Amino acid sequence: MNQIPEIFRVIPVNNFVILAVVLFSIGILGVLTRRNAIIIFMSVELMLNAVNLLFVTFSSYKSDPAGQVFVFFIMAIAAAEVAVGLAIIVMIYRRIRSTDVSLLNNLKG
Amino acid sequence: MVQNLFYFLSFLAVLSALMVILSKNPIHSVLYLILTFFTLSGHYILLNAQFLSIVNLIVYAGAIMVLFLFTIMFLNLKDDSFTGSRLFFHLGSGLVVFTLAGLIIMKVATAPIAVADDAHFDSQIGMVENLGKVLYSKFLVPFELVSVLFLSAMVGAVMLGRREKGEKNF
């Protein structure tokens with residue numbers, strides 16, 4: 001019943017960490033290079049999921065449920081964030097008829 | 001077997017994550033993001049976190065992505081992708097990100113291999129029963145605070161999305 005599943009023996013934590021780093025980097029790249037606000041938002045979701053993967057990995061390898069509870073909270077907060085963020089994007093679209101963030105330069109002075 | 005599954009899921013996750021930021025049509029980006037979430041749910045199952053795997057599918061692939069799709073459907077977006085005028089900026093950001101990721105990956109790849117230890121391993125921590133007990137005892141206050149946060153986010157979204165006076169269309 002309580003024996004260690006095969007994955008925890010054959011796949012080291014390092015592989016999961018590398019995967020999470022790669023996903024997070026792709027998210028940063030998306031935020032930096034894309035100009036569509038919705039795609040930028042999706043890249044942020046990607047970064048959140050990379051962090052979630054890291055949390056679950058360490059939680060499972062160390063047998064500590066706190067990590068998985070934190071992932072639960074992160075998901076809840078991400079849902080709230082998406083609701084507000086998409087409302088803001090819709091408002092931006094109403095004002096300038098586009099979701100291109102490079103058009104939002106009113107604070108440039 | 002498990003190794004093959006891990007590498008397949010990882011390859012698919014990285015590929016679809018790349019397609020999220022590379023595809024020109026935002027709808028395709030959303031669909032690739034859903035594929036990424038499915039592969040991550042596969043990873044959670046591999047990691048013995050069945051509850052989070054299902055929650056990931058329901059919350060992310062189900063609710064959040066439908067919200068994205070609805071917004072894109074409303075907004076009638078034009079295709080925009082990498083434009084030549086900002087090539088220098090793209091190259092710079094790519095260089096910075098690759099350097100950062102490369103440094104971390106080099107460090108992690110040369111670190112000592114870490115696997116689970118036999119002594120206090122518990123294969124049941126990812127089940128609903130165990131997580132529910134922890135959530136409703138140790139993390140009860142944060143759990144209630146999250147519900148307040150949800151309420152305020154809901155009110156905020158409705159307030160933001162409300163049509164203002166004098167706006168004709170949309």
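This section describes the interface between chain A and chain B in a predicted model, followed by selected helices and residues.

The contact between the two chains draws on 78 residues from chain A and 91 residues from chain B. About 7800 Å² of area is buried between chain B and chain A, and carbon and sulfur atoms give 74% of that area. On the side of chain B that touches chain A, 60 residues are nonpolar, 21 are polar and 10 are charged. Six helices of chain B each supply at least two residues of this side, namely helix 1 (2-22), helix 2 (26-46), helix 3 (50-75), helix 4 (87-110), helix 5 (128-137) and helix 6 (140-161). Between chain B and chain A, the count of salt bridges is zero. Polar contacts, in turn, are found across the interface for eight residue pairs, with both residues at pLDDT 80 or more.

Helix 4 of chain B was considered in further detail. Its 24 residues, at 1.5 Å a residue, should span 34 Å, and this agrees with the separation of 34 Å between its end C-alpha atoms. Buried residues in this helix are H90(B), S93(B), G94(B), V97(B), A101(B) and V108(B). Helix 2 (13-33) of chain A is included in what covers these buried residues. I28(A) belongs to helix 2 of chain A. When residues up to four places away in sequence are not counted, I28(A) touches V97(B) and also M47(A). Along chain A, I28(A) and S43(A) are 15 residues apart, yet their C-alpha atoms are separated by 7.0 Å.

A further contact with chain B involves S59(A), a residue of helix 3 (residues 37-62) of chain A. The relative accessibility of S59(A) is 4%; because residues under 20% are classed as buried, S59(A) counts as buried. A polar atom of the S59(A) side chain lies 2.8 Å from the backbone oxygen of D64(A). Apart from neighbours within four places in sequence, S59(A) is in contact with D64(A), P65(A), G67(A) and Q68(A), as well as with I125(B) of the other chain.

Helix 4 of chain A (residues 65-96) was examined in terms of its span. For its 32 residues, 1.5 Å a residue leads to an expected span of 46 Å, and the end C-alpha atoms are 46 Å apart, in agreement. The helix is followed by R97(A), which has a positive phi near 60 degrees.

Methods
Residues numbered from 1 in each chain as written. Chains lettered and ligands numbered in written order. Predicted model: local features only at pLDDT ≥ 70, side-chain atom pairs only at ≥ 80, totals over all residues. Heavy atoms only, no water. Contact = heavy atoms within 4.5 Å. Buried area = accessible area lost by both parts, 1.4 Å probe. Salt bridge = Lys/Arg side-chain N within 4 Å of Asp/Glu carboxyl O. Polar contact = N/O pair within 3.5 Å; in protein donor to acceptor, adjacent residues only side chain to side chain. Helix = DSSP H or I, 4+ residues; strand = E, 2+ residues; numbered from the N terminus. Nonpolar A, V, L, I, M, F, W, Y, C, P; charged D, E, K, R; others polar. Expected span 1.5 Å × (residues − 1). Buried < 20%, exposed > 50% of the residue type's maximum accessible area, 1.4 Å probe, protein only.
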